Amino acid sequence: MSKTLEHYQHLHAIPELGLVEFKTSAYIAQILETAGFKVTRNVNGTTGIIAELDSGKPGPVLALRADMDALGHIIDGQLVARHTCGHDGHSSVVLATAQEVMQEGIVRHGRLKILFQPAEELGTGALAMVAGGALDDVDMLLGFHLRPLEECAKGKAVPAMLYSACATVEAVISGSPAHAARPHLGINALDAAVAAVQAVNSIHLAPNLTWSVKATRLLCDAGVTNSVPAEARVCWDLRSQYNESMDELKAKVLTAIEHSVAAIGASAEISVMKEMPAAIVDDQMTALIAESIVEVLGEQGLTEAKFTPGSEDFFHYPRQRPQVKTGFWGLGCNLTPGLHHPEMRFDLEALAIGVRVFKLCVTKVLG
């Protein structure tokens with residue numbers, strides 16, 4: 001497995017949350033510099049990394065992207081960073097691919113860029129990399145993600161992962177305090193929050209669309225139980241298969257919240273805390289990935305493209321830079337019990353498959 005497993009074991013032992021991946025990025029940058037890449041650290045003031053290999057001959061610019069951040073879990077009452085979404089595996093695969101591409105002299109024309117991105121889970125890392133110029137000269141961009149067992153087993157890979165758009169909406173609802181014996185003198189923020197939840201639950205999009213919206217957090221406490229609360233905070237999670245239907249859903253949610261709380265005299269400060277666009281993949285890039293998967297795993301290892309209700313900030317790249325041809329694939333690795341589960345596990349031998357697929361993609365474009 002070359003250095004893939006070594007990288008994984010090191011990165012898995014030092015999980016760091018988004019935008020504070022200091023040890024993670026330092027390790028990756030040092031490996032890339034030692035391999036001979038031109039490395040730019042702290043892209044746009046973040047922990048992001050851009051590494052470049054220039055063949056010195058005309059040709060396209062291909063970029064491979066990996067995410068670096070871990071997730072925060074509350075375990076035994078403490079916030080603990082853990083790699084439960086496989087980003088340590090993603091970084092290990094792309095880092096080992098970069099080393100082997102350099103060692104084997106695969107890049108013979110054009111340029112190869114390697115992007116290590118922070119804060120995927122926060123939904124801000126890709127945007128920070130774009131603002132830092134990571135894609136300014138890129139023609140093609142490839143990324144990937146480990147897949148849960150029920151979606152894709154080890155020995156198989158998905159040529160195109162069709163992620164959903166998602167958004168997190170928060171409303172800070174303001175009412176007016178009063179003694180619970182005299183509720184008519186106040187405006188109950190908890191009542192307004194419940195009305196907002198019910199109003200959002202009444203939203204409908206076309207039945208042929210794949211979408212969902214649900215309240216995921218409600219915080220409200222007057223400090224005592226015999227007072228009318230003056231403030232409530234509610235969060236909603238929005239999902240949609242397409243960017244256009246997400247725009248419609250988001251507009252309806254904002255309107256429903258505003259009008260429902262106003263109906264009882266309350267007000268709401270509404271913000272969209274986090275957004276990720278739906279998948280945008282290029283047919284040419286998907287075909288390149290599929291061809292590489294077949295060469296590594298055989299025809300039986302190639303699945304159809306798959307839709308997932310999950311989201312991925314990778315798709316900020318094509319949304320922000322539509323001229324860049326993007327491809328995003330999924331690697332089967334017998335991952336259980338599921339992504340974001342605090343006890344997530346997968347078959348580490350699958351990482352070697354990821355390296356081989358990426359190396360073939362690089363060879364076909366730049367070799």
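Aromatic pairs and the largest pocket of a predicted model are described here. In this predicted model, local features need pLDDT of at least 70 and side-chain atom pairs count only at pLDDT 80 or more, while totals for chains, interfaces and linings use all residues. Residues are numbered from 1 along each chain as its sequence is written, and side-chain values use heavy atoms, without hydrogens and water.

The whole structure holds 10 aromatic pairs. Rings of Phe, Tyr and Trp (its six-membered ring) pair if their centres lie within 6.5 Å; planes under 30 degrees apart are stacked, over 60 edge-to-face, and the rest tilted. Tyr8 and Phe346 have ring centres 5.6 Å apart and planes at 80 degrees, so this pair is edge-to-face. Tyr8 lies in helix α1 (residues 4–12) and Phe346 in the loop between β17 (325–335) and α9 (350–366), so the pair ties together parts 338 residues apart in sequence. Helices (H or I, at least four residues) and strands (E, at least two) are DSSP runs, numbered from the N terminus.

Tyr8 is buried, at 9% relative accessible area. Phe346 is also buried, at 12%. Buried means under 20% relative accessible area, exposed over 50%, and partly exposed in between (1.4 Å probe, protein chains only).

Phe314 and Phe315 also pair: their ring centres are 5.3 Å apart and their planes at 85 degrees, so the pair is edge-to-face. Phe314 is buried at 0% relative accessibility, and Phe315 is buried at 0%. Both belong to one aromatic cluster with Tyr163, Tyr317 and Phe328.

The largest pocket is lined by 32 residues (a pocket is an open set of points on a 1 Å grid over the protein atoms alone, where a 1.4 Å probe fits, with protein on both sides within 12 Å along at least five of seven lines; lining residues have an atom within 4 Å of a point). Leu71, Glu121, Arg239, Lys274 and His340 lie nearest its centre.
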